[in-house]
Amino acid sequence: MTFEERTLAIVRKALGEMERGFQHLPEHQMVFDAEGAEEVLMEVARRMRDNYPYHHPLYAGQMLKPPHPVAQAAYMLSMWLNPNNHALDGGRASSAMEKEAVGALAAMFGWKEHIGHLTSGGTVANMEALWISGKLAPGKPVLASDQAHYTHSRISDVLGLRFQVVPSDDDMVMDVRALRRAVKERDVGVVVATIGTTGAGTIDPLPEILEMGREFGFRVHADAAYGGYFTLASDLPPRTREVLDRLSEVGSLVIDPHKHGLQPYGCGCVLFRDPSVGRFYRHDSPYTYFTSSELHLGEISLECSRAGASAVALWAMQRALPMVRGGDFARGLDKGREAALGLYHKMREDRRFLTILPPELDILVFGLDGESASRISERSEKLFQEAERAGLYLAKFRSSSRVLERRWKGVEFDRPEVVLLRSCLMKPEHLEWVDGIWERLCRSVDNVLGTSK
Ligand SMILES: Cc1ncc(COP(=O)(O)O)c(C=O)c1O
């Protein structure tokens, strides 16, 4: 059995408990063809088999992490009501849970005062943050590094804001000297610091960016969609710890519970340090906000309808696994990181592999040795396929040759980009699977290099 099913019985029990709250209503049954439903669902199940096994530790490719069983069950349970957290009319209980869950996220960064809400994901959350930055500094550009998530430039385009790329340095983080040059040249509205880049999991130099922000008067937004939860982790390198500790100083921050927060998809979060930015969200609606004078979350959110189930699931998970340093949730993050470091050290001791940096969080980027960028790229493509044949699922990453030139002496950089392999070791279970992953990886490498016995 590879799927966790123990929660199904609990959902059934909890459903009865929830239903008791609606017993005053006259009997009512939805009319539908239950037999037909079974047929359709069996077909759905068969179609869904065509997915990669994201839930299994041998899936160690893209940034995908299974939700916690409690979050999954709470989401499922809410489906019998399907709350909408736009207005209290649509989701009174789930809105209260959203405020508590978002408050807990803000508290994780040391913010007592804040304004924020859940979004459908990191893209919309970042869009709201850049939208507010644009309102605070009209006409001034958005700056982000070339390792920032691709959506920042597109979001800026949608918002009608100018976007400027800051080059990254050899450590694949924003080059602070290039940033200084850029902010000296023109007035900048906001600089996006990526706290955990999507490609290699590196962390931008936030302390220097914050200090420059004070000197030149720009706002700092942290895209911590992937890396934010690591503020709870232990044994981080001192520099990483320093950056995460200083997240409390940014103007706005995005963290995605559907990445590292063990949540089903549809759960991002944007937080603003200054609650007064709520004024930019002010709008009127003749058809909502009439059941209560209390704040409706739709009054501080760009999206209208939002899944109340996401808030319920997040709240439930935070109850089951409190977000505290040293707790089980934090330990889960440590385990993924230990797994990534464990594999990195194995690669460092094996001359067939090329590495770039030790994983700062839990993403590992690597390649197979070769005389040229073309040969390394070709081997990455082959290894990607061989690994899948061996039941190990990896991802790919294209790195600019410029970043690698100083590290990989003796390699001829005959093309501007090198294809590498990327592995997001995000599941706590990955730690127990390091040897199993390594064994499959080595077998696949033998097949690529023709060294199998
Ligand atoms: C750093 C970062 N920011 C933003 C996003 C976009 O988030 P979403 O896919 O939830 O829209 C991602 C997605 O991987 C990310 O890694």
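## Exercises on a predicted model

The shell around the ligand divides into three nonpolar, nine polar and two charged residues. The model is a predicted one.

**Exercise 1. Which residues are the closest to the ligand, and which helix gives the most to the shell?**

Solution.
- Start with the count: 14 residues surround the ligand.
- Pick out the closest: Gly-121, Gly-122, Thr-123, His-149 and Thr-198.
- Turn to the helices. Helix α5, residues 122–136, gives the most to the shell, with three residues.

**Exercise 2. What is the arrangement of helices α4 and α11, and which residues make their contact?**

Solution.
- Locate the helices: α4 spans residues 92–108 and α11 spans residues 308–320.
- Take the geometry. Their axes come within 8 Å and cross at roughly 50°.
- Classify the angle. It lies between the limit of 35 degrees for roughly parallel and the 65 degrees where roughly perpendicular begins. α4 and α11 are therefore oblique to each other.
- Add the hand: the crossing of α4 and α11 is left-handed.
- List the contact. From α4 come Ser-94, Met-97, Glu-98, Glu-100, Ala-101 and Ala-104. From α11 come Gly-308, Ala-311, Val-312, Leu-314, Trp-315 and Gln-318.
- Sort by class: seven residues of this contact are nonpolar, three polar and two charged.

**Exercise 3. What is the arrangement of helices α13 and α15, and how many residues of each class are in their contact?**

Solution.
- Locate the helices: α13 covers residues 373–389, and α15 covers residues 434–449.
- Take the geometry. The axes are 9 Å apart, and the packing angle is about 130°.
- Classify the angle. Roughly perpendicular ends at 115 degrees, and roughly antiparallel needs over 145. α13 and α15 are therefore oblique to each other.
- Add the hand: α13 and α15 cross in a right-handed sense.
- List the contact. α13 supplies Arg-379, Lys-382, Leu-383, Glu-386 and Ala-387. α15 supplies Arg-440, Leu-441, Ser-444, Val-445, Asn-447 and Val-448.
- Sort by class: the contact of α13 with α15 has five nonpolar, two polar and four charged residues.

**Exercise 4. Where is the place of Leu-25, and is Leu-25 buried or exposed?**

Solution.
- Place the residue. Leu-25 sits in the loop between α1 (6–19) and α2 (34–48).
- Count its surroundings: 8 other C-beta atoms lie within 10 Å of Leu-25.
- Apply the cut-off. A residue with 12 or fewer is exposed, so Leu-25 is exposed.
- Add a distance. Ser-234 is 209 residues from Leu-25 along the chain, and the C-alpha atoms of the two are separated by 51 Å.

Notes. Residues numbered from 1 in each chain as written. Predicted model: local features only at pLDDT ≥ 70, side-chain atom pairs only at ≥ 80, totals over all residues. Axes fitted to C-alpha atoms, helices over the stretch in contact; angles between N-to-C directions. Helix = DSSP H or I, 4+ residues; strand = E, 2+ residues; numbered from the N terminus. Left-handed = near helix turned anticlockwise from the far one by under 90°. Contact = placed C-beta atoms within 7 Å. Nonpolar A, V, L, I, M, F, W, Y, C, P; charged D, E, K, R; others polar. Buried ≥ 20, exposed ≤ 12 C-beta atoms within 10 Å, placed from the backbone. Near = placed C-beta within 6 Å.
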